Amino acid sequence: MVQALQTDMIIKTAVDYDRVEQKEVCVKLTVPKEVQKDIIQRFIDDLDYKQRLVWINENITDSKVIPITEDEL
């Protein structure tokens, strides 16, 4: 279970390639906080246990990681 984040997230990304202009078609999008939880949960669920631990250790500070029981998921 992922708790909802407090703010919207702004992401810039390429979404296509214009062959005539020979350049990427890019967008700047705002990801609403309501959607962020689902995206992150889906990403983590696609990882195996070892990959999850590696990702958590590389991206989340220890003070933000709190052990819980399986029943609390």
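**Overall architecture and selected residues of the predicted model**

Lysine 33 is found in helix α1. In this predicted model, the residue is partly exposed, with a relative accessible area of 33%. Because partly exposed denotes values between the limits of 20% and 50%, lysine 33 at 33% is placed in that class. The C-alpha atom of lysine 33 lies 18 Å from that of threonine 13, a residue 20 positions away along the chain.

Helix α1 covers residues 33–45 and also contains glutamine 36. With a relative accessible area of 3%, glutamine 36 is buried. The assignment follows from the cut-off, because a residue is called buried when its relative accessible area is under 20%. The side chain of glutamine 36 reaches the backbone oxygen of valine 31, and the separation is 3.1 Å. Buried residues make up 7% of the 73 residues in the chain.

The secondary structure of the chain consists of 2 helices and 2 strands. In sequence order, these elements form the pattern β-β-α-α. Strand β1 comprises residues 9–18 and strand β2 residues 23–31, with a loop between them that includes glutamine 22. The phi angle of glutamine 22 is near 60°, a positive value in a residue other than glycine. Glutamine 22 counts as exposed, its relative accessibility being 53%. This value qualifies because the exposed class begins over 50%.

Contacts between residues of the two strands were examined from both sides. Isoleucine 10 lies in strand β1, whereas threonine 30 lies in strand β2. When neighbours within four places in sequence are left aside, isoleucine 10 is in contact with Lys28, Leu29 and Thr30. Threonine 30, with residues up to four places away likewise not counted, touches Asp8, Met9 and Ile10. The pair formed by isoleucine 10 and threonine 30 thus appears in the contact list of each residue.

The two residues fall into separate accessibility classes. Isoleucine 10 has a relative accessibility of 54% and counts as exposed. Threonine 30, at 49%, counts as partly exposed. The boundary between these classes is 50%, so the value of 54% places isoleucine 10 among exposed residues, and the value of 49% leaves threonine 30 in the partly exposed class.

Distances to other parts of the chain were also computed for these two residues. Between the C-alpha atoms of isoleucine 10 and asparagine 59, the separation is 18 Å, and the residues are 49 positions apart along the chain. Threonine 30 and isoleucine 40 are 10 residues apart in sequence, and their C-alpha atoms are 15 Å apart in space.

At the level of the whole chain, the radius of gyration is 17 Å, whereas a compact globule of 73 residues would have a value near 11 Å. The C-alpha trace spans about 55 × 25 × 20 Å along its principal axes. Of the contacts with a sequence separation of 6 or more, 29% involve residues 24 or more positions apart.

The surface and the charges complete the description. The chain exposes about 6900 Å², of which carbon and sulfur atoms supply 54%. The chain carries 10 positive and 15 negative charges, and the mean positions of the two sets are 6 Å apart.

Conventions. Residues are numbered from 1 along each chain as its sequence is written. This is a predicted model: local features need pLDDT of at least 70, side-chain atom pairs count only at pLDDT 80 or more; totals for chains, interfaces and linings use all residues. Side-chain values use heavy atoms; hydrogens and water are left out. Helices (H or I, at least four residues) and strands (E, at least two) are DSSP runs, numbered from the N terminus. The radius of gyration is taken over C-alpha atoms; the globule rule is 2.2 Å times the number of residues to the power 0.38. Buried means under 20% relative accessible area, exposed over 50%, partly exposed in between (1.4 Å probe, protein chains only). Contact means heavy atoms within 4.5 Å. Accessible areas come from the Shrake-Rupley method with a 1.4 Å probe; for residues, only the protein chains shown count as cover. Lys and Arg count as positive and Asp and Glu as negative; His and the chain ends are not counted. The place of a charge is taken as NZ of Lys, CZ of Arg, CG of Asp or CD of Glu. A polar contact is a pair of N or O atoms within 3.5 Å; within protein, one must be able to donate a hydrogen and the other to accept it, and residues adjacent in sequence count only if both atoms are side-chain atoms.
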